[in-house]
Amino acid sequence: MGKRTVLGAAAILLVIAAAYASFYVAPEERTMGVLQRIFYFHAASAWAGMDAFVICFLCDLLYVWKRKEKYDWLAVSSAEVGLVFTTVVLITGPIWAKPAWGIWWTWDARLTSTFVLWLLYVSYLLLRTLIEEPNRRALLSSLFGIFAFIDVPLVFGAIRWWRTQHPAPVIMGGPNSGLEPTMAKVFYFSVLAMHVLMIFLVIERYIIEKMKHEVDILQREAEA
Amino acid sequence: MSLLPNTATLLGKELRTEFRSRELLTTTGVFILIVLVLFSFAINPGTEEARQFAPGLLWLAILFAASLMFQSCFLREQANDTLSSLRLAVSDPFAIFLAKLGANTLFLLLTELLMLPFFAIFYNISLGAKLPVLVLVLFTGSLGIAIAGTAISAISAQARMRELLLPLLLLPLLTPVLVVSSLVTASLLDRDSIVLWKGIGFLAVFDLIFLTALWLFGEYLLEE
């Protein structure tokens, strides 16, 4: 219990500190002004979400290989948390895009692949709700998770290649192309904060999943 | 090396089952026809833009048709639990997948070729000399759809709401195929037609990656 409280407190404090740093420590960006500050939140969430999906993929592989329930619990936990972070990315993106580009959404490679990624993991979680038997659910969702993760680079490659065929209506400069040193520090600090938050949430979700499993066993024993 | 003879026998079985009734081919063919006609109501088919949209619409129709067509490929085995007998009969379960995806590719390609004249007439597109390359694009694209579709239909057949689940899992996974094959077909059927070999290569890479994934993980999809 102690360790979890410490980690939770650390996550909250780090996120608050990162928010403070992105508003007051990071210098104002020349062309976008205050608007640019959403990036510390937006891009850091994207990195944390991506890493949660990487954890999910590794757990999927480990489940298929070792067949230990704990990998399945960790896979579903990280998929859910990754989906939350990706949702944050998809919400904060348009908030920035509307004043910066004048439109909420554009079918740019990065936006579109993030959206497809989001859809794939929504399907992954939906699949899990539609299989009753725990071992079958774990195995089949692991396999779908593996296929989905393999698909992600293909989705990105396909869309980016397709974009270069049709010039983008809005030119987007990479936020990292020559990041100012203080900005870089604040950005990496935000990335760290979001990762600690992500790990904290995954662990909490994992414990819930484990408890669910124990309740299931108790229920079955009571019925027998 | 019993993989190839086993696959050939199983493929023969799949083809015999289908050609006895030709249910899949006729229903899917009519389905594509209906979708193509419905698209013509949603957009004005006489305009120049419609000619550019048409290949994308064709691929969308193929994608939807495939997600309907592949439903039965593993469900068919469930009625008399013939899948367990199949698994016992062959040493390598990959042969079952190879046979099923071979049959699926063949059926899909056959319906496409049957529908192609209607498509050309409805959307005023002359195929002529472009036909061999077009068939190549249809083949590489449909192979990708069939590989992913066969794998996912093995998953969805074991879940509840399977009729809805298959398109839900499959369609986001096939985004790369839709993006690239629409573009390749569009530039091929354009007035100054260009063959985008890079796109066809991409489709082949997609096929290869998913075929490898199916080869590695296929046997787990069929576990009892």
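Ala79(B) turns out to be exposed, since just 7 other C-beta atoms come within 10 Å, and exposure here takes 12 or fewer. The residue sits in the loop that links helix 4 (71–78) to helix 5 (82–89) of chain B. Measuring along the chain is one thing and measuring through space another: Ala79(B) and Ala154(B) are 75 residues apart in sequence, yet their C-alpha atoms are 14 Å apart. As with everything that follows, this comes from a predicted model.

Stepping back to the chain as a whole, chain B has ten helices and zero strands. Read from the N terminus, its elements go α-α-α-α-α-α-α-α-α-α. The C-alpha trace of chain B covers about 55 × 30 × 30 Å along its principal axes. For 224 residues, a compact globule would be expected to have a radius of gyration near 17 Å, and the 18 Å of chain B agrees with that. Of those 224 residues, 44% are buried. As for contacts between residues at least 6 apart in the sequence of chain B, 81% of them bring together residues at least 24 apart.

Two helix pairs in chain B give a feel for how the helices pack. In general, such a pair is described by the angle between the two axes and the distance between them. Take helix 2 (residues 23–42) and helix 3 (residues 48–69) of chain B: their angle is about 145°, and their axes are 9 Å apart. The crossing of helix 2 and helix 3 of chain B is right-handed. On the helix 2 side of chain B, the residues that take part are Leu24(B), Thr28(B), Phe31(B), Ile32(B), Val35(B), Leu36(B) and Phe39(B). Their partners in helix 3 of chain B include Leu57(B), Ala61(B), Phe64(B) and Leu68(B). Sorted by class, this contact of helix 2 with helix 3 of chain B comes out at 13 nonpolar residues, one polar and no charged ones.

The other pair is helix 6 and helix 7 of chain B, which pack at about 135° with 9 Å between their axes. That angle makes helix 6 of chain B oblique to helix 7 of chain B. Here, too, the handedness can be stated: helix 6 and helix 7 of chain B cross in a right-handed way. Helix 6 of chain B brings Phe97(B), Lys100(B), Leu101(B), Asn104(B), Thr105(B), Leu108(B), Leu109(B) and Glu112(B) to the contact. From helix 7 of chain B come several residues, among them Leu138(B), Phe139(B), Ser142(B), Ala146(B) and Gly149(B). The class count for this contact of helix 6 with helix 7 of chain B is ten nonpolar, five polar and two charged residues.

The loops at the ends of helix 7 hold a couple of backbone oddities. Asn124(B) lies in the loop between helix 6 (94–122) and helix 7 (131–156) of chain B. Although Asn124(B) is not a glycine, its phi is positive, at about 50°. Asn124(B) counts as exposed because it has 11 C-beta neighbours inside 10 Å. Met161(B) is found further along, in the loop between helix 7 and helix 8 (162–173) of chain B. Its phi is near 55°, again a positive value in a residue other than glycine. With 12 other C-beta atoms within 10 Å, Met161(B) is exposed, the limit for that being 12 or fewer.

Chain A is built from helices as well, with six of them and zero strands. From the N terminus its elements run α-α-α-α-α-α. Along the principal axes, the C-alpha trace of chain A spans about 70 × 45 × 25 Å. Buried residues account for 34% of the 224 residues of chain A. Among chain A contacts between residues at least 6 apart in sequence, 78% join residues at least 24 apart.

That leaves the place where the two chains touch. Chain A puts 26 residues into the contact and chain B puts in 24. On the chain A side, the elements giving two or more residues are helix 4 (109–129) and helix 5 (134–165) of chain A. Helix 5 of chain A gives the most to that side, with 17 residues. By class, the side of chain A that touches chain B has 22 nonpolar residues, two polar and two charged.

Notes. Residues numbered from 1 in each chain as written. Chains lettered and ligands numbered in written order. Predicted model: local features only at pLDDT ≥ 70, side-chain atom pairs only at ≥ 80, totals over all residues. Helix = DSSP H or I, 4+ residues; strand = E, 2+ residues; numbered from the N terminus. Buried ≥ 20, exposed ≤ 12 C-beta atoms within 10 Å, placed from the backbone. Rg over C-alpha atoms; globule rule 2.2 N^0.38 Å. Contact = placed C-beta atoms within 7 Å. Axes fitted to C-alpha atoms, helices over the stretch in contact; angles between N-to-C directions. Parallel < 35°, antiparallel > 145°, perpendicular 65-115°, else oblique. Left-handed = near helix turned anticlockwise from the far one by under 90°. Nonpolar A, V, L, I, M, F, W, Y, C, P; charged D, E, K, R; others polar.
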